[in-house]
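Visitor: I am new to reading structures, and I would like to understand the words people use for them. Could you show me one and let me ask?

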Amino acid sequence: MERFEAAERLKQLPPYLFKEIDRKKAEVKVKGVDIIDLGVGDPDLPTPEHIIAEMKRSVDDPANHRYPSYSGMSDFKETVAWWYKERFNVVLDPGTEVVSLIGSKEGIAHLPLAFINPGDVALVPSPAYPVYNIATIFAGGESHVMPLLSKNNFLPDLETIPSEVADRAKLMFINYPNNPTSAVADLDFFQRVVAFAQKHNILVCHDAAYTEMAFDGYRPPSFLEVDGAKEVGMEFHSLSKTYNMTGWRIGFAVGNSEGVGGLGAIKSNIDSGVFQAVQKAGIEAIRGDQACVKEMHRIYAARRDLMVQGLKEAGFELDAPKATFYLWIRVPEGYTSASLAARLLEETGLVVTPGNGFGEPGEGYFRIALTQNKKRLVEAIERLKGMRL
Ligand SMILES: *Cc1c(COP(=O)(O)O)cnc(C)c1O
């Protein structure tokens, strides 16, 4: 017997599907195997120098030592609005349509507390970043799964959502460029989402963490570029992946003022905003020289080309992604996501993420993150080619 009975919301957490892989990883490590971890979506390269320099300057300034403004420094919010105009030609009011976040995960996790009552529905994609479903559960809501399938280019099929579910739904989460499938969406899809959301009065939450990580000249759009999108939607951004800043914890949400305001009201009662020195560094990231971003794109595109080629030569089936640092790879005949991930780890020391860990419709796939250097990726390919599938 536990002394303290956990709340229902903790008991309702879905099983942690990476447990088996974590256990095996520890086991293999003890044997002294040289593990190549292609599992985590955490950039391996450091934050660019000029951003670190701004952080150092700002840490020294006592003006930044006090509580920050809850919704974000006005300089930061103005910078975000400036960037949206420059990058997407979307106009935002920094006063009411922008809020700074302690990483976009924080904002996504808190949003359902502002709009979901017990029993309310959120439309949640699967496979997906797990936070959409878990945050819905924490708010007492129910997730209605929108499967992301290869035959639909990993976009949700809105036609298959029963109208009584759509009418009960308060929120819809979408995420393009997508983690884990690396699929992209065009404005035509976003247009259909806006029409659907308007019809059923749904607040759309677009997780846009990867719009700035795209290759071969492709520029992913913002959901807010579509006419009417701001009436029904908001967008979550992160500096984590674009600028190698996962450890810094800074992101922002923008768009519909009721959505942004609701999230801000929750946040102001839970946290007290983002350390101002970090927001200053964020301003430097967004306004400063973007050569570092171009350089990261060059590095990831080269890694992608290397890995796609090598995986194909080793007998795997996959498409080369236009965006994100993930490869979403079909599991060969005779394997499940879990059995393949286990076999790879045991025989080659490669850690990959089984697709079903992101939700049941991800079964039959595994994900590789391109967060190892070229030399390690070449080594990974060698090992894969030495394995008999
Ligand atoms: C990494 C990631 C995030 C979280 O980013 P933070 O800003 O570091 O919290 C959000 N959504 C997706 C899909 C991600 O992959």
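Guide: Gladly! Let us start with a term: a polar contact is a pair of N or O atoms within 3.5 Å. Please keep in mind that this is a predicted model.

Visitor: What makes Arg249 a polar contact of the ligand?

Guide: A polar side-chain atom of Arg249 lies 2.8 Å from an oxygen atom of the ligand. That distance is within 3.5 Å, so the pair counts as a polar contact.

Visitor: Which distances do Ser238 and Asn179 have to an oxygen atom of the ligand?

Guide: For Ser238, a polar side-chain atom is 2.6 Å from a ligand oxygen. For Asn179, an N or O atom of the side chain is 2.9 Å from one. Set against the cut-off of 3.5 Å, both therefore count too. The protein also covers 94% of the 390 Å² of accessible area that the ligand has on its own.

Visitor: Which residues surround the ligand, and of what class are they?

Guide: The ligand is surrounded by 14 residues, and the closest are Asp207, Tyr210, Ser238, Ser240 and Lys241. By class, this shell has 4 nonpolar, 6 polar and 4 charged residues.

Visitor: Let us turn to the rings. Why is the pair of Tyr129 and Tyr132 called edge-to-face?

Guide: There are 18 aromatic pairs by the rule used here. In this one, the ring centres are 5.8 Å apart, within the 6.5 Å limit, and the planes stand at 65 degrees, which is over 60, so the pair is edge-to-face.

Visitor: How do you know whether Tyr129 and Tyr132 are buried or exposed?

Guide: Tyr132 has 1% relative accessibility, which is under 20%, so Tyr132 is buried. Tyr129 has 24%, between 20% and 50%, and is therefore partly exposed.

Visitor: What makes Phe154 and Tyr365 an edge-to-face pair?

Guide: Their centres are 6.0 Å apart and their planes 80 degrees, again over 60. Phe154 lies in the loop between strand S4 and helix H7, and Tyr365 in strand S13, so the pair ties together parts 211 residues apart in sequence. Phe154 is buried at 12%, and Tyr365 is buried at 12% as well.

Visitor: Which residues form one aromatic cluster?

Guide: That cluster is made of Phe76, Trp83, Tyr84, Phe88 and Phe252.

Visitor: One last topic: cysteines. How many disulfides does the structure hold, and why is Cys205 called buried?

Guide: The structure holds 0 disulfides, so no pair of cysteine sulfur atoms is within 2.5 Å. Cys205 has a relative accessible area of 1%, under the 20% cut-off, so Cys205 is buried. Cys292, at 18%, is also under 20% and therefore buried.

Terms used. Residues are numbered from 1 along each chain as its sequence is written. This is a predicted model: local features need pLDDT of at least 70, side-chain atom pairs count only at pLDDT 80 or more; totals for chains, interfaces and linings use all residues. Side-chain values use heavy atoms; hydrogens and water are left out. Buried means under 20% relative accessible area, exposed over 50%, partly exposed in between (1.4 Å probe, protein chains only). A residue is near a molecule or strand if one of its heavy atoms lies within 4 Å of it. A polar contact is a pair of N or O atoms within 3.5 Å; within protein, one must be able to donate a hydrogen and the other to accept it, and residues adjacent in sequence count only if both atoms are side-chain atoms. Accessible areas come from the Shrake-Rupley method with a 1.4 Å probe; for residues, only the protein chains shown count as cover. Ala, Val, Leu, Ile, Met, Phe, Trp, Tyr, Cys and Pro count as nonpolar, Asp, Glu, Lys and Arg as charged, and the others, Gly among them, as polar. Rings of Phe, Tyr and Trp (its six-membered ring) pair if their centres lie within 6.5 Å; planes under 30 degrees apart count as stacked, over 60 as edge-to-face and the rest as tilted. Helices (H or I, at least four residues) and strands (E, at least two) are DSSP runs, numbered from the N terminus.
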